[in-house]
Amino acid sequence: MSGQNNSFDAIIIGAGFSGLYQLHALRDELKLNTLTIESGGDLGGTWFWNRYPGARCDSESHSYCYMFSEEIYKEWEWSERYPGPKEIRSYLNFVAEKLNLRRNILFNTLVTKARFIESNNKWEVTTQEGDIYHATYLITGIGCISSANIPNIPGLEDFKGKWYHTGNWPHEDVSFKNKRVGQIGTGSTGIQAAPEIAETAGHLHVFQRTPNYSVPARNAPLSEAFKKQVHDSYEEIKKTVRSTPNGHPFKISEKNVFETSEEERKKIYEEAWKKGGLQFRATYQDLTTNKKANDTAADFLKDKIKTIVRDKTTAQALANIDYPYAGKRPPIDTNYFETFNRENVTLVDLKRETIVKITEGGIQTSARHIPLDMIVFATGFDAITGKFLEMDIQGRNGLKLSEAWKEGPKTYLGLQTPGFPNMFSITGPGSPSVLCNMPVPIEQHVEWITDCISHMRQEGIDTCEASQDAANEWVNHVNEAANATLLVSVPHSWYLGANVEGKPRVFMPYAGGMTRYRALCDDVVKNNYAGFVMLSKNSSNSIKKNGPKHNFDITKKITTPGI
Ligand code: NA7
């Protein structure tokens, strides 16, 4: 690494989709001396760790990639409708080779602390090994779902078998052959993992606390004709993903549910079910804003479960869903419900019996002891803020990020937190992030941050910091956007931080849609970075921009938030 005295213009934390593009943008476009620090042993970010059985992205491969370079887009060929972790890692590796990124990345290095030093306006970044680096700009590309949530169930330390968390999966093969496996969790991950585990396990018990909707993914190899069409349609696909509220390569219907007859609706849902994937969510524009409209989709999906699953009690438990479809992240699957027709699979309905403790040899519920050789925690993540707060980040006057976010994260546009100058976040809390096809907000953030830093350097500005007023307004707007949807009505959702004990219940992603978000960010720039305080140390050149205040009112009703 070429930093004199470990000193850099910019330090990026994370070498996933965010960190890699940010490195390219700062190093190759702005010519900044840039260092990327990554805790994993290789590229990939979330996908470096996410290797559990059945793992697959739920965005379609031809849109789960960078769009900033036509050449990169056209040189890479995806093999399946949805990419698996291995193919995503190969893709990122291809991009890194092409742009020669590895030489500026420190792998196997965990950032434990970052402190803003006011005397010289530098960030001091400390690693687990005690190495110290300095930089003017600190950019986090740490992902939203990378901090594993292992529930605090008594007795785990007594368990004599093997246990795993899906987000921290071993790199070597894990064999379930003839093993008695218990899987806890039925979110997107559990729904992907169960069918794969059941293929070889002696017996699989799936512990379900909250049942979930799921639509078949209908994954399949891509035809040569489709691959060609994708390459030929680069401009069109780019335009689509950058203009849809959720960044996916398909348009959300402009129709409302009750504008169609029941018969027509059934046909539309049936076609979407056959087609598979998140496009089911796009059948009507009011599915996530109007409960009665949502009920029609919810009932359709519950009926599907009851049609697929033969055992009536199991089917009832799987379909006993009391929240709106897509109110939580909507999973897509390959043979999930069909898996419960297998002889070697049993659903444990935690609405009827609860987990009391883990024992030496299994799981004790309020009704029985279930003997197990292995436990798989598909229990999700301390999402969006978890990874930030694992680090000791301190801004001005030693203000700790954990203190600034005590009542929930407070950012401006998800990009900056007041009190933390020159620290930018890619898909931080308050960004559309997980409500979108992730590469789309990632590219937008990276480009926005790069332009902002370029502006600072051209204008001789030393620090850029979100103002408290702007952050307050943004947090209000994030709440306002969430409240316009059904997403806030799900009490156990990780969007609200409700899956982690003691975490403030605050809706974290921006549900106003990527299109609106992009326009707001562009507007902020046009208004001289409204809401950001920009200062120069040299008082004769002191610049302070705190306004004009931005108008985040929702004048145009939110009808089509992200996913
Ligand atoms: P999720 O969606 O947070 O799902 C976690 C699952 O684990 C969910 O079913 C939880 O039930 C369950 N859970 C969590 N703690 C417990 C305990 N203590 N007992 C029983 N069950 C529990 O995480 P995923 O990994 O599936 O998906 C995360 C994202 O990754 C996904 O949205 C994609 O974007 C990729 P609950 O619903 O809380 O009752």
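## Starting in a loop

Thr260 sits in the loop between H7 and H8. Keep in mind as you look around that this is a predicted model. Is Thr260 buried or exposed? Thr260 is buried, since its relative accessible area is 7%, and the cut-off for buried is under 20%. Now hop along the chain to Tyr284: Thr260 and Tyr284 are 24 residues apart in sequence, and their C-alpha atoms are 10.0 Å apart in space.

For another pair, try Ala470 and Arg281. Ala470 belongs to helix H15, which covers residues 468-483, and Ala470 is buried, with a relative accessible area of 5%. Along the chain, Ala470 and Arg281 are 189 residues apart, and 33 Å separates their C-alpha atoms.

## A buried charge without a partner

Next, find Asp286 in the loop between helix H8 (262-275) and helix H9 (291-308). Asp286 is buried, yet it has no salt bridge. How far away is the nearest side chain of opposite charge? That side chain belongs to Arg281, and it is 7.8 Å away. A salt bridge needs the nitrogen and the oxygen within 4 Å of each other, so Arg281 at 7.8 Å doesn't make the cut.

What does the side chain of Asp286 reach, then? It reaches the backbone nitrogen of Val257, at 3.0 Å.

## Salt bridges

Side chains of opposite charge can pair when their charged atoms come close. This structure holds 29 salt bridges. One of them pairs Arg329 with Asp58, with the closest N and O atoms 3.2 Å apart. This pair links distant parts of the chain, 271 residues apart: Arg329 is in the loop between helix H10 (312-318) and strand S11 (332-333), while Asp58 is in the loop between helix H2 (46-49) and helix H3 (70-75). Both ends count as buried, with Arg329 at 18% relative accessible area and Asp58 at 12%.

Arg242 and Glu443 also meet in a salt bridge, at 2.8 Å from N to O. Here too, distant parts of the chain are linked: Arg242 is in the loop between helix H7 (234-241) and H8, Glu443 is in helix H14 (residues 439-459), and their positions lie 201 residues apart in the chain count. Arg242 is partly exposed at 24%, whereas Glu443 is buried at 3%. Elsewhere, salt bridges that share partners join Asp42, Glu97 and Arg102 into one network. Inside that network, the side chains of Arg102 and Glu97 meet at 3.5 Å, N to O. Arg102 is partly exposed, with a relative accessible area of 28%, and Glu97 is exposed at 51%.

## Around the ligand

How many residues surround the ligand? There are 18, and the closest are Thr186, Thr189, Arg209, Thr210 and Lys328. Sorted by class, this shell has seven nonpolar, eight polar and three charged residues.

Let's zoom in on some atoms. An N or O atom in the side chain of Thr210 is 2.4 Å from an oxygen atom of the ligand. With Trp494, the side chain again supplies the N or O atom, this time 3.4 Å from a ligand oxygen. Ala378 uses its backbone instead: one of its backbone N or O atoms lies 3.3 Å from an oxygen atom of the ligand. How much of the ligand does the protein cover? On its own the ligand has 780 Å² of accessible area, and the protein covers 89% of that.

## Two residues with a positive phi

Most residues other than glycine have a negative phi. Asn397 is not a glycine, but its phi is positive, at about 50°. You'll find Asn397 in the loop between strand S17 (392-394) and helix H13 (401-404). Asn397 is exposed, with a relative accessible area of 71%.

Tyr529 also has a positive phi, near 55°, and is a residue other than glycine. Look for Tyr529 in the loop between helix H16 (514-526) and strand S20 (532-535). Is Tyr529 buried or exposed? Tyr529 counts as buried, at 3% relative accessibility.

Definitions and conventions. Residues are numbered from 1 along each chain as its sequence is written. This is a predicted model: local features need pLDDT of at least 70, side-chain atom pairs count only at pLDDT 80 or more; totals for chains, interfaces and linings use all residues. Side-chain values use heavy atoms; hydrogens and water are left out. Helices (H or I, at least four residues) and strands (E, at least two) are DSSP runs, numbered from the N terminus. Buried means under 20% relative accessible area, exposed over 50%, partly exposed in between (1.4 Å probe, protein chains only). Lys and Arg count as positive and Asp and Glu as negative; His and the chain ends are not counted. A polar contact is a pair of N or O atoms within 3.5 Å; within protein, one must be able to donate a hydrogen and the other to accept it, and residues adjacent in sequence count only if both atoms are side-chain atoms. A residue is near a molecule or strand if one of its heavy atoms lies within 4 Å of it. Accessible areas come from the Shrake-Rupley method with a 1.4 Å probe; for residues, only the protein chains shown count as cover. Ala, Val, Leu, Ile, Met, Phe, Trp, Tyr, Cys and Pro count as nonpolar, Asp, Glu, Lys and Arg as charged, and the others, Gly among them, as polar.
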